[in-house]
Every structure is written in C-alpha cells, then in structure tokens.
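Colleague: Got a minute for this model? I'd like to go through how the chains pack.

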Protein chains: 4
Amino acid sequence: MSATRYTYLGPEGTFTEAALRTLPEAATRELVPMVSVPAALDAVRGGEAAGALVPIENSVEGGVTATLDELAKGDPLMIYREVVLPIAFALLVRPGTALKDIKTVTGHPVAQPQVRNWLGTHLPDALWESAASNADGARLVQEGRYDAAFAGEFAAATYALEPLVTEIHDAANAETRFVLVGRPARPAAPTGADKTSVVIWLGDDHPGALLELLQEFAVRGVNLMRIESRPTGQGIGNYCFSVDAEGHITDRRVGEALMGLKRICPQVRFLGSYPRAGVALEDVRAVRPGTSDGAFSAASDWLARCQDGRF
Amino acid sequence: MSATRYTYLGPEGTFTEAALRTLPEAATRELVPMVSVPAALDAVRGGEAAGALVPIENSVEGGVTATLDELAKGDPLMIYREVVLPIAFALLVRPGTALKDIKTVTGHPVAQPQVRNWLGTHLPDALWESAASNADGARLVQEGRYDAAFAGEFAAATYALEPLVTEIHDAANAETRFVLVGRPARPAAPTGADKTSVVIWLGDDHPGALLELLQEFAVRGVNLMRIESRPTGQGIGNYCFSVDAEGHITDRRVGEALMGLKRICPQVRFLGSYPRAGVALEDVRAVRPGTSDGAFSAASDWLARCQDGRF
Amino acid sequence: MSATRYTYLGPEGTFTEAALRTLPEAATRELVPMVSVPAALDAVRGGEAAGALVPIENSVEGGVTATLDELAKGDPLMIYREVVLPIAFALLVRPGTALKDIKTVTGHPVAQPQVRNWLGTHLPDALWESAASNADGARLVQEGRYDAAFAGEFAAATYALEPLVTEIHDAANAETRFVLVGRPARPAAPTGADKTSVVIWLGDDHPGALLELLQEFAVRGVNLMRIESRPTGQGIGNYCFSVDAEGHITDRRVGEALMGLKRICPQVRFLGSYPRAGVALEDVRAVRPGTSDGAFSAASDWLARCQDGRF
Amino acid sequence: MSATRYTYLGPEGTFTEAALRTLPEAATRELVPMVSVPAALDAVRGGEAAGALVPIENSVEGGVTATLDELAKGDPLMIYREVVLPIAFALLVRPGTALKDIKTVTGHPVAQPQVRNWLGTHLPDALWESAASNADGARLVQEGRYDAAFAGEFAAATYALEPLVTEIHDAANAETRFVLVGRPARPAAPTGADKTSVVIWLGDDHPGALLELLQEFAVRGVNLMRIESRPTGQGIGNYCFSVDAEGHITDRRVGEALMGLKRICPQVRFLGSYPRAGVALEDVRAVRPGTSDGAFSAASDWLARCQDGRF
C-alpha cells in the first residue's frame, strides 16, 4: 500500500539508499529503488508511494539537476525533510582480489573526479570505464566485467563484494544533500532552524530581473542558502532559479518575501518549509534586527494606528 | 472658537495668505496670521486653531525648512491638503511713485535672487535691503522707509500701495507648495492621485542606511516625489529624511513600504496621505506591474494556500 | 586688490563673520560683508574677491539653501575649506538694560525656534519681531527700535551693545557649517580626512533614478555624508541633489564613482575636494575592504593580465 | 603533435563530437575522444592537445557540472569559441529491427526525461536501463545487450546501427552549448556580439554577498546571460558562481565590472571573451545609455579636468 512505500534513486546500494536508511521511519516503510529521479517522483505523484528520497545537491551519483528540474514542473510536490550524508568511496572487489590484481575500475562518471587523485597514486595503470551508477558498477564487478568499482561501502553486501580500501575521497568534507519529497500538505511547524525552498521564473529577459528577485529577499532580511539557475527548456538563455532561503513560510519575513516574488514573477512554485539538517538551534544565525515576527506585528499595529489617525 | 480658525505664516499679504484663500473653506474660517511657522503650528497643537497653512517647498518667503523641522518634532500633526501657487512678484510702491524715483528696494532675502535679473535690467542703481518677509517689506514701504518692495500683487491693498510692475520672476514656472496641517485624524479616502508624507530617522551612521531606506520603497514599486535631508539637531552629520511618496497609506504597496521603514528605522513619523494638487487622475503614472492592491491580494491568497498545503 | 579680499554673508557681526575670522589667512585679508549669499559669490565670480565664506548647513541665519542653489548654477565655483562653528546666542541689549526691562526682542526668523524655550522660561511676555539677520536685529536694538536682540556674542562690540545672557541654545550641540569658495583651480592634495562635494541632476523623472545615483557611490564603497534635494527651478518635482561624500577626488574609489555619475546623469557639477573640519586622521572611518587605491591598482594590473592572456 | 590535436568528451558518436565537427578547423585536426570532461581538459593543460570541446550548458549527456567545476580549478584555461547544437534523438537499432521487436532501450540517464513522453506513447512496455553515455548505449546495442538506444543520429554509422526514428525530443527547442577550451592567451578581438565568462568566489558567508556581486555588473550596465552556483568542495553551503556576461573584456564597462569583482571577492577567474554563437550583430541589445566606451572616455576626460581645476 502506497502509504508505507518510499521510493528512492536506485539501484540498491547507492548513497541515496544509505541516506534514506538514516531516517527513523525508513525502518517501517517498504523501500523501492527506481531507475531515475523522475521515476521515483512520478511514483509519488501517481499515488503509488508516500514519499521519495532523491539527491538534490553535490551528488556523487548524478541526479541533482534532474531533481531540480522534476520538482519545478509537473504536478506539485513538496519537500518534507532533508538528509545530509558525508561522502566517501570504498573500492569494492570480489573476495580475494588484491590491489595488484586490478586492471579495470568502474563507477559513475561523477565519481571519477572525486577519486582521480587516489587512482593516480595507487592504481596509475588501471583503466577506468564509466557505469550508469556507482551501484551498477558494483554489479558489473560482481558479474566479472570489471575488477573493481568505486561505491559506498554499504554496497558491498548487496553485491557480494568486499571493500578493499575505504574512506576514499579527494575532497575533504564532501557531502551530498538529499530530500524527502511528498504530495503537498501543510508544512511541519517551524522548529527555529528551518529552510524554505522555491522555484522562481523570471518574467522576461530584462537585465536586472535577477537583482530584483534577490532584493525581494534582501529587503526583508531573508538570507539565501542556495541559488541555482536551471534552463526552462525554452532554449538557451531562459532560466528559472531554484532557491533555498533561511526560515519557514510561516515566518512573516519569509511570507512577505514570497508574496513579493509572487507579485513580480510570472511563476513561483513553493517547494516546502522543513527543518535544516544538522543545524542546532544555537547555531542558527540571529535574524536581522527589524525582521522578527514581533517586529512585523509591531509595524502592522503602527500602520493601523496611522490609518486610523490615532497616534 | 478654534474649529473655525485657521492660522497661517503671516503677516497679512504674504503668498501664504494668498494660497490659503484658494481653499473654498477659507471663506468661512477666521484666518489668523502668525509670526512664524512654529507659531502657526503650535496654535493647532494647542487647540486654538483647527488648521494651519504653511509653505513646505520652494518658498519665496522662507519658512520651508522651519516647516519640515516643526512637523518632524513635538506633538504629532498631519497634512490634509496641499496647495500649489505660481509665484510672481509685483513691485509695490506708494501711489504716485515712478520707476525713476526708486532708490531703495526691499523684500525677503529669499526673493532677492528671484528678482535679481529684473533689478539688474530695470533698476541697476537701486539699493537692496532685506526685510523679514515680503509683506513686512511692503509695510516698510508704506511707512516710507523704502521706495519699493517686492511682494505678491495681492499685498498692495493691505498696505495701501500700488503695483507698479507685475509678473516679475526670473525663473519661469516658479511655484510654491503649501500644506494645510491639523491634528491627527483618519486620513481622507484615497482619490487615486494621492501623496503620502513621512519623516524617517536613520538609525546609526552606517553607510548604506539611506540606500536601505530607499529600497523599502523601491522594492514595492512606490515612487518618491521628494526627499530632503534635515539635520536632527544632534550635530552636523545626523539627519532625518522628509519624504513624499506617490500613493495613499491605504494602498497596500504604500502600507507595506511604511511598515518596512518602521521595522528598520528607529523612528518613522507619518505626516498624512492627501490628494495631490493639480494632478488629474488621467495624469497619474500607472503603478508598476505587481504592485496594485489586486496583486497584493492575489499574493496573500497564494501564500495562505501554500501555508495550508493546498496547491 | 581682489587677491586679498574675502567676501562673506553680512552684515558685520554675523556668525559667518565669526567663522571667517577663525581662518588664519583672514588676518591678512580685507573682509567685506555682502547683502546676500549670491552677492558674496558673485564678487568671486566677477574677480572682485578671491574667496567668499558662506553658510552651507544648519544655519541660524538662513542662506543655506541660497548657498546650495548658487553653487549649483552660473559660472563654476569650488569649495576649498570648511569651517564648523558651534552656535550659541547671546541676548544683546543696550548698556544698562535689565531682563525685566525687555518688552520686545528681535532676531532672524531662523533663530526664533532655537531660543523659543529660553524665551518661554525667561521672557514669557516679551513680543518677538523678526529681523532680516541676527546682526540687523542687533543694529535695530542699537537704534532703539527693540529692547533686545538674539545674536552672536561677538556682535555686541560692533553695535555698542552688551551681552546680558550668553550661551543660549535650545538644542545642545548646535553648529553651523560654512564653506570658503573660490574660482576653480586644482584641489588641495588629499589629507586622508577629506570630503568631496558635487551637485547631481537626475535625468528624467524615472522612479529609481535616485537609487541608481546612490548605487554609483555604494558599489565603490564611498560613504555619503550629506544629501539634499534642491528644486531645479523647472517646477515642483524637478530636483537636483547636493551631495558630500567621504574622500578626495584623487582617491580612485571617489574618481570612479564620479565618472559613473557623469555617465548616467545629464549633469554633474564638481564643487571641490577639501579637508574635513574638526576630524582627526585617526577618527576617519577605514575604507571598505577592496576600495583602497592599492586594491584599485591591483585590480587594474589583473585586468591587464587577463586582457593579455597572461595568467 | 599537440597543436593539431583537439580532444572532446567521448566516446565517438556523442553530441559533443557532432558539435566539434561544426567547427571549420575540425577538418584539419586530429579529434580524440576522452573518457570524461576532466580527461579532455587535462590533455590541454598537459600540452597533449591544443584544444578541447566540452558541453557546458543543458547537456543531454551530462558533463556540464563537470565542465564548470573543472574550469574553475587547476591550471587556468580559457574559452575561445562556443557552439550551440540543437538536440534531437534518434532511436538506433541493429539493421532489421522493427519497433515491435524492441523490449529494452538504453541511453544516458540525462536523456531519459527528454524522451520519456515519446517512450510512453510508442514503447510503453519497453524496459529502460541507463548507459554511461548515449554513444556507449549505442555500442551496447551493437553488442546485442539492448534492442535500441537513444543517441544522436550521427552515431548510427559509428556503431553500425540504423536510425529507426529520428527527431525525438520532448522539449521543442532543446539545445546544448559547448565550448572550445585552450590554454590562456590574448582573447580574440571583440566582434560586437561577445560574451565574457568568469568564475567568482564569494568571500564569506555574509548575506547579501551575491547581491553585491550582481551590483558590480548592474551598476555598469553589464547584462548577465547565465549565472550558476557551484559548490566549492568546502561542504554544503559554500559556493562559487559561474557567470556569462554580455560584452568583451576590452569593453570598458565589462573591464570595470571585472575589476570591481576582483576588488571585493577573494578570487575571480577569467575564463575568456569570445563571440556569441548564433547571434547576428543587429540582434545584439543596445548597451544602456552611459555605458559605451565613448561614455567611459568622456567621463575620464571630465574627471581629469576636475582634478586639474579646469572647468
């Protein structure tokens, strides 16, 4: 039944599955790998799944721009949770394989630059070929087509491999952000450390439109955490912007900024307000003076008094 | 009784009196000249008068900065009307005086540059001395102290003089704006061609504070018609800003801009929303797309739907 | 001979004369009082004087807007020095007059609000009449027309009066700024604590033009110290802006900001770069990172390397 | 020899190869497919190739973010040309295969959403599996592993397949932009329809830093054509921005904007000024008044006169 099913970007053994399993509720759900981000999300749109976990930022397995694009079009979806996962690769081999035996390695093309330095040092003569996903690379090692695959260490068991080397990552602090997506409903109550995601289309090709968009946030003291341009599919040079802002849609500064965008942009799509992963309340930046809910209420009261001539 | 009394910047025979007499209700009021703008306004604050007419912009008789400063401090007052008067001087003389008889001329110091060219051409040898007001100059001519005074033509009768030359003004299109001020009450309903006046104090001496102030207006598409810095009396370099904006406080774009100012500035003083003088409805600039009351309502509705998860 | 003559806003005994006498070179100049700011400046334009001292901000004697307007039009002039004078009034009387004898007081209209509280407390029944200047008021007391005049204490000697009360000022820290104006020449070298004055006309009546003007300064990290709108004489609603900015025209951030204004505005008038009065070098605010002359040079070098493909 | 060798994102038969072959000079170069964008660019950095053609925007084969990231780090490279290619897929099969025979299809994961609608209509029961590239998918069809592959029609010959259906694309006007990259050298002279690419790092995590970045362009009237945030590899929330701006680095408005960025940002990397693909001179948007090279020169002259006191 759909209410107990979560889809995710498969196949089994990907970082996405690992991220999904960090959610407590995952233990009581049926977890279904899907061939692509669109497929994972369509299962939610169609009612076959209650949620889908997909990568949205800095992925080592691709799928990120697909996620941004899929959330921006079609039937509306909403983000309810985010999960941030540190990224480190393991070199998976069939049991018994030693480093000197490795002539061919595989992995997702996006993984290659992240392990390039390691490869140059430890396997300078190995031949790299790309696989459709890191997990798919593991499967091809299991089938004997390649000698080793870069993937998450957790993928070893799924494909009866063993991790010969672990914690491989050229960049320190590499991490990927995933989001849990569902059909629209009332967002969770604010926690004080929240994030709001929207997609914003710019009206016409007028220079300065992006500046105006940013000023709707800036003038209300709403900080942006991420902004990405995405092509709209109307040809090179036509963009929409995927934006994460600090705060919750029920915070008045956020609400007023969103209404401002709604008024000046041809389309704004609300993608949800949800708790920020891995941020303690005491680490949340203080809101700019004059932008708290209290400041908004005081200003509303003052305006009403002015409109009534009582001051 | 105070409800029938209007004060104005005197003495009798000033342009301010002429402006006041253009108001239909002036015919049924007791019109009382006062020695200064503060005196005229204090009579309203104290309840001895229902209204005061004072010059606020481009005066030929001074008093403008006094008006801005007086409205900015003390008990609150509100502007209910504005009157714009074209400015032209007459050269007033005692009956029988000819141009060739004039050795000395007087007038308010502010009038001097406005008649300088005329003087250079027609009375190159006349000696100028300043008077405390144009009307006071006329009185001094009546008393015989000077041969001629520059003042409004309407002042001739008051001081038993005659206008020897009229329509003197070096700058074409010279005009002065006056405002009718009263105690706070609910502003008149919007006419569609309205103006809102406020005084805004900047919080600290941080560079960019003025830019932020202007952006509160700009981001809501509210046009500014006038902005003047005024010293706050806390020493050179400390300012407040006197601002006239297009629109009425009940226009949602204006209300939101005012609330934004209220939130970021230590003090904002509302001085009234009132009809623009001499502007036909069809000459009012269309509001920027996305800033009409309808656009604000639509955005509010959308926000409510997003907050409820119904979209 | 003109090179030794300085004019000033008269008559003798005004605060302007007092300010002029604080300049060391005043001791060796012929100091000539003029009837008005335009007259004082025209003497410089015409070559009859080498310089003119006129009030430009927060005057207690008027003349400020006249100064702004006169500097903005006609043959170009330049500001070479500024003088800031603390303002305190003395109550001047004929020798022998006691407080209880005073029935009538006079002074410039602008002085009246600054002594109003004092009058209310100490001379509640005295009748106020305005004079054309504070010094003129003193003269009228000398002539016996009034019992007392508010003026600078230094005016007592000129008019054979004595200061009955001194240090009268309703606002603490009241001060007036004066400028020494001459014909255009190369500005003095920067001192590190400088100020640059310009007058800027806005091109058309497009909303946001003022914002663009301010951004030319802001984007180069140039702080504004004063901005005042002045009517252009083309009718209500047409303005130019009189601006004082921190820094010297030879500072690269200031030069680039001025060029930016020159490019987008129909007219920009440079009024001079000169030392800030009363500001020690150690009290000058540090320039924003990235806006020092060194940062400009480094960026120029980098651009040249990019244009040459050497990087 | 390297001067005659161009690398590209392979394998043979990709859209990238097709784009490369549209360049006249390609006919006289040795064209070498590389396994990844980093590999293609490293061959240029290492001197084994004179240039590399890689996709940079809206790719149907991935590699775009890899391109942005690779250009942003390591030894500097420069963009010399851009090529825009309309994107349409062909369904490639072994000779003799009919639509009804197709049970399995493959292609790059990024291609899947672009052919999804077509698949749903014409091959609703076919099973999709992802390949490492569109060309790799074609190879797997040749090897008999899948029945059909989505790829460019030009890939058919390379893999001895035939295009069963052509011109498949869910989005009308789909196109991909590629860039020809080489080692740094003096950019080509401006053509009047040019584009300048840079990568800009924001200094610290201060809200408004992006706004400041955009204002460096806006205040000089330089239009942005593309802006994309890219993670810096320092963890979620740390970004650099990849930007394409209208104009050439030798245009003064562009040069001044770049210097402004250089001054306020910790790092700016110039990626080249080059002709815009597919834009006729008459279709280039006129520069904003006041931002032409002539306006810059006139402003420089004026500043020099002001600094000399000659005006």
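Colleague: Start with E256(B). What does it form a salt bridge with?

Modeller: E256(B) pairs with R263(A), and the closest N and O atoms are 3.8 Å apart. A salt bridge here is a side-chain nitrogen of Lys or Arg within 4 Å of a carboxyl oxygen of Asp or Glu. Before we go on: this is a predicted model, so local features need pLDDT of at least 70, side-chain atom pairs count only at pLDDT 80 or more, and totals for chains, interfaces and linings use all residues. Residues are numbered from 1 along each chain as its sequence is written, chains are lettered from A and ligands numbered from 1 in the order in which they are written, and side-chain values use heavy atoms, with hydrogens and water left out.

Colleague: How many salt bridges between chain A and chain B?

Modeller: Six.

Colleague: And how many residues are in contact there?

Modeller: 35 residues of chain A touch 35 residues of chain B. Contact means heavy atoms within 4.5 Å.

Colleague: What area do they bury?

Modeller: About 3,300 Å² between chain A and chain B, with 66% of it on carbon and sulfur atoms. Buried area is the accessible area (1.4 Å probe) that two parts lose on being put together, summed over both.

Colleague: Which three residues of chain A supply more of that than any other three?

Modeller: R263(A), W302(A) and F311(A). They supply 24% of what chain A buries against chain B. R263(A) is also the partner of E256(B) in that salt bridge.

Colleague: What turn lays chain A on chain B?

Modeller: A turn of 180°, with a shift of 0.0 Å along the axis and an RMSD of 0.1 Å. The C-alpha of V219(A) is the nearest to that axis in chain A, at 3.8 Å. Both copies use the same surface: 100% of the contact residues of chain A recur in chain B. Superposition is by least squares on the C-alpha atoms of residues with pLDDT of at least 70 in both copies.

Colleague: Now the other pair. What rotation puts chain D on chain C?

Modeller: 180°, with 0.0 Å of shift along the axis and an RMSD of 0.1 Å. That is the relation of a two-fold axis. V219(D) comes closest to the axis among the residues of chain D, at 3.8 Å by C-alpha.

Colleague: Why do you say those copies meet through the same surface?

Modeller: Because 100% of the interface residues of chain D are also interface residues in chain C.

Colleague: How much area is buried between chain D and chain C?

Modeller: About 3,200 Å², and carbon and sulfur atoms give 66% of that. R263(D), W302(D) and F311(D) supply 23% of chain D's part, more than any other three residues. The interface has six salt bridges. One of the pairs is R186(C) with D308(D), the closest N and O atoms being 3.2 Å apart.

Colleague: Switching to chains A and D. What does R116(D) pair with?

Modeller: D42(A), in a salt bridge with the closest N and O atoms 2.4 Å apart. R116(D) lies in helix α4 (residues 112–122) of chain D and D42(A) in helix α2 (residues 37–45) of chain A, so the pair joins two chains.

Colleague: How many salt bridges over all chains?

Modeller: 103.

Conventions: Helix = DSSP H or I, 4+ residues; strand = E, 2+ residues; numbered from the N terminus.
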